[in-house]
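The following exercises are meant to be worked through with the sequence and the structure side by side. Try each task before reading its solution.

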Amino acid sequence: LKKSHIVSNIEKYYLNGLTKEVLWNLVGGKATIDFATETKDAVGQVAFNMSLPDGPLAIYSTDALLRLINITSEEIEIELSKGPTGLIDKLKIQDNKFDLNYHLSDINSIPEVPNVAETDYNFTFKVNDEFITGFLKAHNALEKVKDVTLNTTTTKQGENVVEIVLGERSQHSHKVKFTELAEFESQSDILPFSANVLREVLAANKGIEGTIYVSNKGLMKLEFNSKESTAKYFIVRQQ
């Protein structure tokens, strides 16, 4: 197994610490992970190729798992180890130098992931590395502000765009505004979302083109698909 493949996909749900407790469902050489951030303002699903026996793995501390994997070399082996009860109780991770054990938790200790009732989306736009890099730079320049607002408009040249504004909503706060081409039939409301959650989702999927769908009802969906993995996120609007 490639360490970089596993780490990059873990980071897609871990989101720099926003999600830690998850269940890996292993079926047919693929791991599917449903997750929710601890603040419950985002849920999602990540799926990627993972050649391990079928079964659920309860990962209670994703940060500890990442720390273990990150000390290994690129080529690693992962085995499932059973305890005295016959249940899988740990991951054995090995490379040419280290022999590591990560202890799994009880499945019942993992919080249930809320269901999302999808709705019709009012506008959609594409994201790529250029967009992600620009968003991260703007967020850093504003000392990682909490709010990002989105709304649609039409330029003087007749192009449909989404306006993305990073910064506090008060009149006298520092802000960064930029636009992206968008698809919509009618202009949207001004919709506030968590800038931090959006930042971590974008950062975790850098290198993969994605699509963002936004509903006036206050729901944002993000999808990123590659040959080796898929990632889907739902972010609810800020109050």
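**Exercise 1.** How many aromatic pairs does the count come to?

Solution. The structure is a predicted model, and the count comes to eight aromatic pairs. One of them is formed by F224 and Y233, whose ring centres lie 6.3 Å apart and whose planes stand at 75° to each other. Because planes over 60 degrees apart count as edge-to-face, the pair of F224 and Y233 is classed as edge-to-face. Both partners are buried, F224 as well as Y233. As a last step, the pair can be placed in a wider group, since F224 and Y233 belong to one aromatic cluster together with Y13 and F35.

**Exercise 2.** Determine whether T19 and D189 are buried, partly exposed or exposed, and describe the surroundings of each.

Solution. Begin with T19, which is found in the loop between α1 (3-14) and β1 (22-27). Its relative accessibility is 1%, and because buried means under 20%, T19 counts as buried. Leaving aside residues up to four places away in sequence, T19 touches Y13, Y14, F35, A36, T37 and T62; Y13 and F35 are also members of the aromatic cluster.

Continue with D189, in the loop that runs between β12 (183-184) and β13 (191-194). Its relative accessibility is 43%, which lies between the cut-offs of 20% and 50%, so D189 counts as partly exposed. With the same residues along the sequence left aside, D189 touches L150, N151 and N216.

**Exercise 3.** Which strands stand at the edges of the sheet with the order β5-β6-β7, and what does that leave on one side of each?

Solution. The sheet is open and has three strands, paired in the antiparallel sense. The edge strands are β5 (77-82) and β7 (99-103); each has a single partner strand, so one side of each is left without a neighbour in the sheet. On average, and with direction ignored, neighbouring strands are turned by 25° against each other. Looking at one pairing, β6 (residues 88-94) and β7 are joined antiparallel over five bridges, and Q94 stands opposite D99 in β7. Finally, helix α2 (residues 62-70) lies across β6 and β7 and runs at about 175° to β7.

**Exercise 4.** Work out how many residues of helix α4 are buried.

Solution. Helix α4 covers residues 195-204, and eight of its ten residues are buried, which makes the helix mostly covered. Among the buried residues are A195, V197, R199, E200 and A204.

Definitions and conventions
Residues are numbered from 1 along each chain as its sequence is written. This is a predicted model: local features need pLDDT of at least 70, side-chain atom pairs count only at pLDDT 80 or more; totals for chains, interfaces and linings use all residues. Side-chain values use heavy atoms; hydrogens and water are left out. Helices (H or I, at least four residues) and strands (E, at least two) are DSSP runs, numbered from the N terminus. Buried means under 20% relative accessible area, exposed over 50%, partly exposed in between (1.4 Å probe, protein chains only). Contact means heavy atoms within 4.5 Å. Two strands pair if DSSP finds at least two bridges between them. Axes are lines fitted to C-alpha atoms, for helices over the stretch in contact, and angles run from 0 to 180 degrees between N-to-C directions. Rings of Phe, Tyr and Trp (its six-membered ring) pair if their centres lie within 6.5 Å; planes under 30 degrees apart count as stacked, over 60 as edge-to-face and the rest as tilted.
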